[in-house]
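Reader: I would like a close look at one part of this chain, namely the charged side chains that pair up, and how they sit against the nonpolar interior. Please take it step by step.

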Amino acid sequence: MKRIHIKKPDVKGFFTKVKNLKPEDIKRHYQEKKARRQRILEERRNSKFAKKMQPVYKWMNRFSLVLHYLLACVLNFLIEVISRHSFFEAWSYMTGTPLVFLFNAFLIFATFMIVYLFRRRVFVRILLCVFWLFLGACNGYLLLKRVTPFNAQDLKVLSDALELTSNYFNGFEIVMLTIGIVAVVLWVISMWRRGGQYTGKMHRIIAVIAVVASGFAYVGLTDVAIDKRVISNYFGNIAFAYEDYGFPYCFAASLFNTGINQPAGYSEETMAEINKDGCLNVSETSRSKEELPNIMFVQLESYFDPTEVEWLRFSEDPIPNLRKLYADYSSGYFKVPSVGAGTANTEFEVLTGMNMRFFGPGEYPYKTYVKTTPLESAASALSSLGYGAEALHNNGGNFYSRAKVYNNMGFDHYTSKEFMNILKTTPKGWATDDILVPNIMESLDTTDGTDFVCTISVQGHGDYPTEPTLENPEINVTGVEDEGKRNAWEYYVNEVHEMDKFVGQLIDAIEQRGEPTVLVFYGDHLPTLGLEAKDLKGKYLYNTNYVIWDNIGLEKKDGNIAAYQIMAEVFDRLDIHTGTIFNYHQQRRQTKNYLADLELLQYDIMYGKQYVYKDSGAPITEGHMVMGGKGCDDHQCCGAAERNL
Amino acid sequence: MEQLKGTYSIYGENFTKQSKVYINGEKQTTKFLNNTRLDLKESEIKDGDQIMVAQCGSSNTIFRTSKTYEYTGGQLVEVTDQDTDVENGRQAFVEQKEEKKK
């Protein structure tokens with residue numbers, strides 16, 4: 001072993017050296033460095049060990065396809081370990097459904113065909129491994145924070161996500177993350193120089209053919225696997241789908257399978273049959289203009305009645321206002337398309353009446369369609385009856401691209417966080433919902449006559465801190481053994497209590513205003529608190545609660561409603577018949593082929609030839625929305641610019 | 001006058017944290033005091049400068065702009081140019097690119 005000598009730093013010598021430095025010296029220094037490096041690499045290549053390994057490498061190159069498949073299996077297993085946060089769960093997934101496991105490994109294997117295009121094979125293999133493990137790590141991390149796994153939409157909402165980085169990561173995590181990424185990048189670069197290179201003859205054309213062929217093989221194999229029910233191409237719950245069908249397949253599906261595929265039997269004749277005599281194009285009501293009430297929908301973020309959880313105990317009822325509403329007005333379970341996340345999809349179903357199940361697995365139509373293309377909605381449908389259409393949201397206007405989405409849906413105004421004078425936030429930094437009350441009232445003033453108002457709240461947004469956060473919580477929660485979980489539940493329940501207060505304030509304000517109004521409250525999905533179906537009284541993870549309040553004496557009619565049906569249902573109770581999809585629900589609900597024809601209708605409107613609009617014309621061709629609700633002329637009047645020295 | 005360092009205050013209505021002042025089309029570091037007052041600490045305003053307030057969202061989106069005012073002798077005078085008035089409040093989706101030039 002060498003002794004460590006600590007040399008006294010030669011400060012003076014260093015300075016004389018620097019002083020006499022010539023450009024040639026620097027050049028020579030770098031040349032020497034380069035030569036030295038080459039020599040080391042050469043030595044390494046010719047070392048005893050490398051010589052000994054050469055036949056092995058040769059053998060490995062010969063059987064590279066088999067070895068790639070083995071590597072793919074190892075990678076697949078690691079990805080699942082990271083995704084499931086558990087070695088044993090990954091193991092039972094692999095041994096329990098070996099076909100699914102091998103199918104996913106095949107996808108990874110297919111990407112390894114690229115290796116044969118390059119001489120630096122080791123480097124390319126490393127790059128592919130890093131790529132797959134990085135995707136796995138993203139999934140693993142996101143699943144710590146929410147229940148929706150990593151999918152292609154996350155790549156598209158990256159701009160939103162970056163803005164929310166501070167909500168998802170703390171400072172320490174960001175630093176560690178940066179160090180980790182930099183280290184991996186440096187290592188990969190060093191392997192570019194040091195990694196073994198293939199010395200045999202290259203067959204690039206064959207390699208290209210192999211890449212294409214393996215791509216087709218994957219597509220073909222997917223069809224066979226779906227046919228044999230090894231995997232499914234419909235994700236009832238994206239989180240469970242990832243667990244059952246594996247990360248690589250599900251991620252790829254979310255990347256390549258979006259929109260609605262043309263259903264069997266789609267033709268002009270079929271659509272004419274569904275839209276007989278233009279029955280879906282009507283826009284009518286028996287009510288006179290004075291009798292038409294304001295229609296308001298309030299989507300409460302992550303809201304459901306917490307007393308639905310079997311084992312939770314509360315010091316007092318967290319939702320006294322809503323409880324009273326449930327008793328006095330039409331209410332029931334609200335079937336939503338998402339659990340623990342996916343706000344925008346519940347919103348999409350409510351506003352358009354369309355069913356999420358026909359779209360690609362894990363898709364957000366807001367992102368994949370409505371952001372760029374006009375689409376009829378409750379806003380456009382009610383506008384044709386003379387309603388003003390207002391949208392409000394106390395979070396950033398670009399979140400889920402709502403500023404563009406609402407414009408394309410035919411709203412008149414959209415008041416986002418940027419237009420609200422927000423003074424209060426939750427301990428986690430979300431705006432509180434009470435700010436919505438004055439803003440909703442103002443939005444009613446923006447247009448003459450009756451209004452359709454869609455409000456999206458944010459106060460209950462996750463995550464819910466496991467450390468004690470509230471100083472004097474109004475509601476104490478018991479019944480949870482784990483203290484961290486109890487803290488999270490207590491935080492959540494108190495936010496729900498705040499939402500309930502907001503509900504009370506809003507109804508007071510509307511009663512004071514005295515206009516005829518129908519007001520619907522519903523939760524968009526269950527909170528991200530690890531609930532399972534058996535924990536709930538309803539034994540179903542896709543149920544939240546709704547209530548339809550009114551001051552026009554509607555009959556109380558309880559029942560369970562799906563998110564895509566509620567708008568049509570509310571319209572029906574008011575004898576309003578407008579909007580292609582809403583008319584469809586009103587006329588065809590509980591008839592034969594209801595869902596199959598709904599799929600045809602959705603396909604026709606969004607991706608097909610729009611045969612249903614043939615005679616009536618499209619209800620919306622472009623947006624006309626103005627941001628902010630307040631009067632157009634006097635917004636932000638600058639009175640004076642004053643200089644204070 | 002433009003050599004002196006000081007703070008300008010813009011008075012108006014309905015300001016929020018996301019209100020940003022633009023001078024001749026350039027976004028300024030704007031401090032939100034309350035919903036009727038914005039402060040500019042680092043900006044210089046000369047006579048003839050065009051001043052406007054915009055509500056900005058993420059990724060440099062301008063959701064909505066106020067009318068444009070001209071700074072003359074310590075006063076803001078509304079610019080009644082038809083071209084800017086017609087589009088007022090309808091520029092929700094104008095992506096702002098000038099910022100990157102800096």
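Author: What follows goes through the salt bridges around one glutamate, then a separate pair, and then the nonpolar cores.

The model is a predicted one. A search over all chains of the whole structure finds 27 salt bridges. A:Glu569 takes part in a salt bridge with A:Lys557, at 3.7 Å from N to O. A:Glu569 belongs to helix α23 (residues 563–573), while A:Lys557 lies in the loop between β10 (543–550) and β11 (561–562), so this pair ties together parts that are twelve residues apart in sequence. A:Glu569 also forms a salt bridge with A:Arg589, where the closest N and O atoms are 3.3 Å apart. A:Arg589 is in the loop between α24 (580–588) and α25 (594–606), and because A:Glu569 is in helix α23, this second pair links parts 20 residues apart in sequence. Salt bridges with shared partners join A:Lys557, A:Glu569, A:Arg573 and A:Arg589 into one network.

How buried or exposed are these side chains? A:Glu569 has a relative accessible area of 13%, so A:Glu569 counts as buried, the cut-off being under 20%. A:Lys557 is partly exposed at 43% relative accessibility, and A:Arg589 is partly exposed as well, with 27%.

A further salt bridge is made by the side chains of A:Lys534 and A:Asp535, at 4.0 Å from N to O. A:Lys534 is exposed at 56% relative accessibility, whereas A:Asp535 is buried at 9%.

Now the nonpolar interior. In soluble globular proteins, nonpolar side chains tend to be buried together. The largest nonpolar core here has 74 residues. The members that touch the most others in that core are A:Phe297, A:Phe348, A:Tyr366, A:Tyr406, A:Phe411 and A:Phe452. A:Phe452 can be followed further: leaving aside neighbours within four places in sequence, A:Phe452 is in contact with A:Ile295, A:Phe297, A:Leu351, A:Ala378, A:Ala379, A:Leu382, A:Tyr387, A:Gly388, A:Ala389, A:Glu390, A:Phe411 and A:Met567. Two of these contacts, A:Phe297 and A:Phe411, are named above. Apart from the largest core lies another, of 52 residues, which includes A:Leu300, A:Ile435, A:Leu531 and A:Leu536.

Note on methods:
Residues numbered from 1 in each chain as written. Chains lettered and ligands numbered in written order. Predicted model: local features only at pLDDT ≥ 70, side-chain atom pairs only at ≥ 80, totals over all residues. Heavy atoms only, no water. Core = buried A, V, L, I, M, F, W, Y, C linked by side-chain atoms within 4.5 Å. Buried < 20%, exposed > 50% of the residue type's maximum accessible area, 1.4 Å probe, protein only. Contact = heavy atoms within 4.5 Å. Helix = DSSP H or I, 4+ residues; strand = E, 2+ residues; numbered from the N terminus.
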